[in-house]
Amino acid sequence: MTGTVIKNTGSNYLVRTDNGTNMSCKIKGNFRLKGIRTTNPVAVGDRVTITGDKDETNYITAIEPRRNYIIRKATNLSKQGHILAANIDQVCLVVTLFHPVTSTTFIDRFLATAEAYRVPAILVINKIDLIEDDAEAMEYLDAISYLYESIGYTVVRLSAKTGEGINVLRSQLNGKTTLFSGNSGVGKSTLINDLIPGLELATSEISDTHDTGMHTTTFSEMFEIPGMDDKSYIIDTPGVKGFGTLEFDKHEVSHFFPEIFKIGADCRYGNCTHTHEPGCAVREALENHLISESRYSSYLSILDDSEEDKYRKKF
């Protein structure tokens, strides 16, 4: 039988077969993704073949080629990656600008990875209800929104707590399989509960000591969104603290920053890294405030990953 992996608990997988039956499965065989090492050889969203044995245990015996996936550096395992989801139509990166603060470096690293794997990305800014009476905070919200919209990203500002902006986001999800990701504490579970009434994913309060979130989602799972015109799904993933990049060649990093790639076409040298070369159009644009300093800093941070060989490339 064939089906789609809809839940991954680490050692067991829940597969929804093409006839609509959910089957608990284990792994059988070698499923290393060609070219990289991963901590999870099977990911939510994978199309798989399953078989049963005489003990009535179901096994995943084959994975169909993935049309795409999103991967990050595995926690504390610099030589391996962790696939967040496979075969997705888009990703929603859920962030908060206050309580807790999502760094622009995290945002940019995630967006660059989505660009690298050709997955459209939506930036969802949650908890705007916390700053509506703060003029300075609202000004920062406007600036962040303008920055990413000017690059070409869809930005949705909302409050999962009050429901403001939920319908705007809902309209972006129709007929698509969407990965939801973000730091712990940004309200991702509350947001998904708003989109799927009755789901009741666990939520938790923010730590008062460190103003950070605590993990409530411990494994990845796919859910169908009701009330849509077409089949629509959300893949919920555990919150992540940082986002280590994998497989990036230093001469290709600029390709994953659309505004840097566009301006870089005017550099004197075709293989310009935009760090020290003469005739660099990107550094000139930076000096003229045509490229955001925060975006350029994020670009340099990924270059640093590559230069120091912190994360294993393809082998």
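Student: Is Phe 98 buried, partly exposed or exposed in this predicted model?
Tutor: Burial requires a relative accessible area under 20%, and exposure one over 50%. Phe 98 has 33%. That value falls in between, so Phe 98 is partly exposed.

Student: Which class does Tyr 140 fall into, buried, partly exposed or exposed?
Tutor: Use the cut-offs of 20% and 50% again. Tyr 140 has a relative accessibility of 33%. Tyr 140 therefore counts as partly exposed.

Student: On to aromatic pairs. How many does the structure hold?
Tutor: Such a pair is described by the distance of the ring centres and the angle of the planes. Counted over the structure, the aromatic pairs number five.

Student: How are the rings of Tyr 69 and Tyr 117 arranged: stacked, tilted or edge-to-face?
Tutor: Their centres are 4.9 Å apart. Their planes meet at 45 degrees. Stacked needs under 30 degrees and edge-to-face over 60. The angle meets neither condition, so the pair is tilted.

Student: How many residues apart in sequence are the parts that Tyr 69 and Tyr 117 tie together?
Tutor: Tyr 69 lies in strand S6, residues 69-74. Tyr 117 lies in the loop between helix H1 (104-116) and strand S9 (121-125). The pair therefore ties together parts whose separation in sequence, in residues, is 48.

Student: Are Tyr 69 and Tyr 117 buried or exposed?
Tutor: Tyr 69 has a relative accessible area of 14%. Tyr 117 has a relative accessibility of 14%. The burial limit is 20%, so Tyr 69 and Tyr 117 are buried.

Student: What geometry do the rings of Phe 98 and Tyr 140 have?
Tutor: Their centres lie 6.0 Å apart. Their planes are at 70 degrees. An angle over 60 degrees sets the class, so the pair is edge-to-face.

Student: Which helix holds Tyr 140 in that pair with Phe 98?
Tutor: Phe 98 sits in the loop between strand S8 (90-95) and H1. The pair ties together parts that are 42 residues apart in sequence. Tyr 140 lies in the helix of residues 135-151, which is H2.

Student: Which residue in the loop between S8 and H1 follows a cis peptide bond?
Tutor: Most residues other than glycine have a negative phi, and most peptide bonds are trans. His 99 departs from the phi trend, with a positive value near 55 degrees. His 99 is placed in the loop between S8 and H1. The peptide bond from His 99 has omega near -5 degrees, and it leads to Pro 100.

Student: Is Thr 102 buried or exposed?
Tutor: Thr 102 is found in the loop between S8 and H1. Leaving aside neighbours within four places in sequence, Thr 102 contacts Val 95, Thr 96, Ile 107, Asn 183 and Val 186. Its relative accessible area is 2%, so Thr 102 is buried.

Student: Which elements do the buried residues of H4 pack against?
Tutor: Helix H4 covers residues 188-195, and six of its eight residues are buried. Those six are Lys 188, Ser 189, Leu 191, Ile 192, Asn 193 and Leu 195. They pack against S8, S9, helix H3 (166-173), strand S11 (177-181) and strand S13 (233-236).

Student: Which element gives the most to the largest nonpolar core?
Tutor: That core has 69 residues. Those with the most contacts inside it are Val 5, Ile 60, Leu 123, Ile 125, Tyr 148 and Leu 179. Seven residues come from the top contributor, H1.

Student: How many residues does the other core have?
Tutor: It lies apart from the largest one. Among its members are Cys 92, Leu 173, Val 186 and Ile 196. Its residue count is 21.

Student: How many disulfides are there?
Tutor: The sulfur of Cys 280 has its closest cysteine sulfur in Cys 272, 3.8 Å away. A disulfide needs 2.5 Å or less, so this pair is too far for a bond. Over the structure the disulfide count is zero.

Student: Which residue of S13 stands opposite Glu 224?
Tutor: Strand S12 spans residues 220-224, and four of its five residues are buried. S12 pairs antiparallel with strand S1 (residues 2-8) over two bridges. Four bridges join S12 to S13, also antiparallel. Opposite Glu 224, in S13, stands Tyr 233.

Terms used
Residues numbered from 1 in each chain as written. Predicted model: local features only at pLDDT ≥ 70, side-chain atom pairs only at ≥ 80, totals over all residues. Heavy atoms only, no water. Phe/Tyr/Trp six-rings, centres within 6.5 Å; stacked < 30°, edge-to-face > 60°. Buried < 20%, exposed > 50% of the residue type's maximum accessible area, 1.4 Å probe, protein only. Contact = heavy atoms within 4.5 Å. Core = buried A, V, L, I, M, F, W, Y, C linked by side-chain atoms within 4.5 Å. Pairing = 2+ DSSP bridges.
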